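Welcome! Keep the viewer open while you work through the exercises below, and try each task before you read its solution.

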Amino acid sequence: MSHDPEAPTRPTLFLTDADVEQLADLPRAIAALRSAYSAPADERRNPGRIFADSGREWMRVMPSVPASGRLFGAKSINGSFADGLRVSYLISLFDKETADLVALVDGNRVTGLRTAATTALATEQLVPPRPLRVGVIGSGFEAQSHAAALALVAEFASVAVFSPTAANRERLARLLSGSIGVAASAVASAEEAVRGADLVLCAARSRDESPTIAADWVADDATVVSIGSTTPAQRELPAELIARAAVIVADGVDEVVRGSGDLIAARAAGIDVDALTVSLNEVLLGERSVDRGRGIRVYKSTGSGLQDIVVAEALVDLARERGVGTFLPVGIVTTRK
């Protein structure tokens, strides 16, 4: 067995958080994800998250070997409670042909970019092709980025924004009115934002991890996007709403069904969440049809390494086109075994 090192074919590119901010391109990210999710779901290529936890330090690793693209790799989320909670994100990308380390990417902004882009891709498959009344629950980064992404794939007639702090909801309403060119208004309650909405975006965690909307607020043929319940302890949608759903589309079925507090609670309430839930891959491949005009359609997301890797690859391609980023003066050894 030879352990002779081979020189990498290209130097390793490093993209900082500022580089990612400069390169962020929602349409390009959506296109990369459309290609990735237009392949059959494969747990060998996209296994679940790996956790390491000491109680003080913790690491979550999300690996993926996408069927699309030229690169594979993993995102690691690394946290420490030694001084409050401090978290860093790193994406490593390797060449499929040579296993050379192609790029290291600060994953801080990639997480928000890929989540919003995947949500837009899924929502495009769920909403009817007509002007939509949109209700937004939340006013932070996720709410803002998701509203912007959804406006790329759906036509908005109006937007109503609610979050508990009046100044925050008013700020987001002003931002959306300017960025998407549709009248957005701040409203005084979550119920006011949701009632009558064709598309409901839930992008805020409640302080006590209880659902942020009620089932009877949601119209019979609405689309509900839920991105704020990504762990077993987190709640966003009530079980009664899950029971009314015609279909739940998931970015990763196993993790959504078993790892989202909403669906765990729904199963405990006797709802057959397995029968309701289909993968985004199946929808894009045409293996599962969705009636975009009838029934409540729910999109649930917990995020995946697949999303991180394909969006990071798109960023690396764009960085090379524009001359953005730093090529490292050293690299790691690639050996032939």
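What follows is a set of exercises on single residues, one helix, the cores and the empty spaces.

This is a predicted model, in which local features need pLDDT of at least 70, side-chain atom pairs count only at pLDDT 80 or more, and totals for chains, interfaces and linings use all residues. Residues are numbered from 1 along each chain as its sequence is written, and side-chain values use heavy atoms, with hydrogens and water left out.

**Exercise 1. Find alanine 32 and decide: is alanine 32 buried or exposed?**

Step 1: Look in helix α2, residues 26-37, where alanine 32 sits. Helices (H or I, at least four residues) and strands (E, at least two) are DSSP runs, numbered from the N terminus.

Step 2: Apply the cut-offs: buried means under 20% relative accessible area, exposed over 50%, and partly exposed in between, with a 1.4 Å probe and protein chains only. Alanine 32 counts as buried because its relative accessibility is 18%.

Step 3: Look for its partners, taking contact as heavy atoms within 4.5 Å. Apart from residues up to four places away in sequence, alanine 32 touches Val310 and Ala314.

Step 4: Now try a distance. Glycine 69 is 37 residues from alanine 32 along the chain, and their C-alpha atoms are separated by 8.5 Å.

**Exercise 2. Place serine 68 and arginine 45, and give the accessibility class of each.**

Step 1: Serine 68 lies in the loop between β4 and β5. With 14% relative accessibility, serine 68 counts as buried. Its contacts, not counting residues up to four places away in sequence, are Ser35, Ala36, Lys96 and Val310.

Step 2: Arginine 45 belongs to the loop between α2 and β3 (50-53). Its relative accessibility is 33%, so arginine 45 counts as partly exposed.

Step 3: Leaving aside neighbours within four places in sequence, arginine 45 is in contact with Pro63, Ser64, Val65, Pro66 and Ala67. From arginine 45 to alanine 151 there are 106 residues in sequence and 31 Å in space, C-alpha to C-alpha.

**Exercise 3. Check the span of α4, then find what covers its buried residues.**

Step 1: The expected span of a helix is 1.5 Å times one less than its number of residues. For α4, with 13 residues, 18 Å is expected, and the helix reaches 19 Å from its first C-alpha to its last, which is close.

Step 2: The buried residues of α4 are Ala143, Ser145, His146, Ala147, Ala149, Leu150 and Val153.

Step 3: Their cover includes α2, α3, β8 (132-137), β9 (156-162), α5 (166-180) and β11 (199-202).

**Exercise 4. Which residues of the largest nonpolar core touch the most other members?**

Step 1: A nonpolar core is a set of buried Ala, Val, Leu, Ile, Met, Phe, Trp, Tyr and Cys residues joined through side-chain atoms within 4.5 Å. In soluble globular proteins, nonpolar side chains tend to be buried together.

Step 2: The largest core has 65 residues, and Leu15, Leu93, Val105, Phe156 and Val159 touch the most other members. Helix α12 (residues 305-322) gives the most to this core, with nine residues.

Step 3: A second, separate core has 32 residues, including Phe162, Leu237, Val256 and Val273.

Step 4: Go back to phenylalanine 156. Outside its neighbours within four places in sequence, its contacts include Leu132, Val134, Ala147 and Ile180.

**Exercise 5. Describe the largest cavity and the largest pocket.**

Step 1: On a 1 Å grid over the protein atoms alone, a cavity is a set of points where a 1.4 Å probe fits but cannot get out, and a pocket is an open set with protein on both sides within 12 Å along at least five of seven lines; lining residues have an atom within 4 Å of a point. Grid points are joined across faces, edges and corners, and a volume is the space filled by probe spheres set on the points.

Step 2: The structure holds one cavity of 30 Å³ or more, and the largest cavity has about 50 Å³ of space. α12 gives the most to its lining, with four residues.

Step 3: The largest pocket has a volume of about 730 Å³. Among its 26 lining residues, Arg60, Thr111, Glu142, Thr230 and Gln234 are the closest to its centre. α3 gives the most to this lining, with five residues.
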